[in-house]
Amino acid sequence: MNEIKTIGILTGGGDTPATNAIIRSVFVKAETYKYKVMGIKNGWDGLVSGNVIELKRDMVSGILDRGGTMLGSARVNPFKIENGVEMVKENISKFSIDSIICIGGDDANIIMHRLSQYNIKGVGIPQTIDNDINLNDYSIGFDSAVEIATDAVDKLHTTASSHHRIMILEVMGREAGWIALYSGIAGGADLILIPEVPFDYDYVVDVIEKRRERGKDYSIIVVAEGAKPELKNAKVEVKPGLNNIHQMQFGGIGNVIAKEIEKRTGYETRVTVLGHLQRGGKPTAFDRILATRAGIKAVELVHEGKFDCMVCFEGNVIKSEPMEKVLCDYKPMDLDLYEMSRIFY
Ligand code: F6P
């Protein structure tokens, strides 16, 4: 028999334009089962500090198309805090939370999975603009980020051709080049650089020069922030933070590449770092539908008593997979698609 009465919902890691759309869907579906929904503030921090509020229907009304997360987010890991897990357990019991729905990327869901070993019940929803969650063709928020990045590529095209410049667009993706690849293809970039395939400066220059020979005196390069050159002496600037990799500030590869291109070709090269613009604004219709379906599915899983699992999208099919299976590996890059994109260079 299902003994769930109260669901706690949290959003961890980087937000997306579609995060609120998931929260709304979870609440509405939970209401159909008469579950109470507690909003855990600022990711896992809310359960460490006891920052939890009861959600009401009017609080989730009108948020479908609003970017960000009404619950707040943070990259806090209770396993890295002294007595963190104890505090989480205390607050779960204090707020009578029977099950958690964790909305986030790998990091937030790894915490959910580890907590299940302490008898804490939970279900994960794959949400990150990075699109790097294993066994998920799409993670929620990715499509919206791609739309924003594609719009930026389109805009850079016009000014690049007017001023005969090389334009580099640096997009998010520390370990995964999905945003760069999709927006690069959609925007007709002349070169796409992703973390999964270290690049060679000779090749970069060759692509630019071949375009010149064809009469194109400008080029657009889309680079993921985690892209790395093959050359050992070219450095990506990484500013180390306090505790973990997510406190490192990535970014900077665009400028490194620009300097090298100018040095080797003499062509004026400008850089646009798109940054957090990719995580804001309205979600696309596609993301709103994914978010809505995922929220409903997560509550159904809770209702069926299926825990320690993650909602997964395989094509148009929504299903669930054990957390362990999802989190044991990175999602492999679609190298065929990357290869395909090269015929346009
Ligand atoms: O996890 C998504 C992501 O957008 C990455 O692509 C990016 O590197 C990172 O978050 C930035 O995170 P923060 O906003 O915490 O600096």
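**Getting to know the model**

Biologist: Let's start with Asn-131: is it buried or exposed?
Modeller: Asn-131 has a relative accessible area of 1%. Buried means under 20%, exposed over 50% and partly exposed in between, using a 1.4 Å probe and protein chains only. Keep in mind that this is a predicted model, where local features need pLDDT of at least 70, side-chain atom pairs count only at pLDDT 80 or more, and totals for chains, interfaces and linings use all residues. Residues are numbered from 1 along each chain as its sequence is written, and side-chain values use heavy atoms, with hydrogens and water left out; so, at 1%, Asn-131 is buried.

Biologist: Where along the chain is Asn-131 found?
Modeller: Helices (H or I, at least four residues) and strands (E, at least two) are DSSP runs, numbered from the N terminus. Asn-131 also has a positive phi, near 60°, without being a glycine. Most residues other than glycine have a negative phi. As for its place, Asn-131 is in the loop between β5 (122-126) and α5.

Biologist: Lys-34 has a positive phi as well, so is Lys-34 buried or exposed?
Modeller: The phi of Lys-34 is about 65°. Lys-34 is in the loop between α1 (19-32) and β2 (36-40). With a relative accessible area of 73%, Lys-34 is therefore exposed.

Biologist: Which residues sit around the ligand?
Modeller: A residue is near a molecule if one of its heavy atoms lies within 4 Å of it. The shell divides into two nonpolar, two polar and five charged residues, with Ala, Val, Leu, Ile, Met, Phe, Trp, Tyr, Cys and Pro counted as nonpolar, Asp, Glu, Lys and Arg as charged, and the others, Gly among them, as polar. At least three residues come from each of domain 1 (6-140 + 283-327) and domain 2 (145-280), with bounds from an automatic or database domain assignment. Around the ligand you'll find Arg-75, Ile-129, Asp-130, Met-172, Gly-173, Arg-174, Glu-225, His-276 and Arg-279.

Biologist: How much of the ligand does the protein bury?
Modeller: A polar side-chain atom of Arg-174 lies 3.1 Å from a ligand oxygen, and one of Arg-279 lies 2.9 Å from a ligand oxygen. For His-276, a side-chain N or O atom is 2.7 Å from an oxygen of the ligand. Taken alone, the ligand exposes 400 Å², an area from the Shrake-Rupley method with a 1.4 Å probe. Of that, the protein buries 81%.

Biologist: Which element gives the largest share of the largest nonpolar core?
Modeller: A nonpolar core is a set of buried Ala, Val, Leu, Ile, Met, Phe, Trp, Tyr and Cys residues joined through side-chain atoms within 4.5 Å. The largest one has 47 residues, and Leu-193, Ile-221 and Ile-257 have the most contacts inside it. Elements giving two or more residues include α5 (142-163), β6 (166-171) and α8 (253-265). The largest share, eight residues, comes from α5.

Biologist: How far apart are the C-alpha atoms of Gly-46 and Pro-198?
Modeller: Gly-46 is in helix α2 (residues 45-49) and counts as buried because its relative accessibility is 0%. Along the chain, Gly-46 and Pro-198 are 152 residues apart. Their C-alpha atoms are separated by 39 Å.

Biologist: And what separates the C-alpha atoms of Ile-296 and Arg-24?
Modeller: Ile-296 is in helix α9 (residues 285-304) and is partly exposed, with a relative accessible area of 31%. Along the chain, Ile-296 and Arg-24 are 272 residues apart. Between their C-alpha atoms there are 9.7 Å.

Key:
A polar contact is a pair of N or O atoms within 3.5 Å; within protein, one must be able to donate a hydrogen and the other to accept it, and residues adjacent in sequence count only if both atoms are side-chain atoms.
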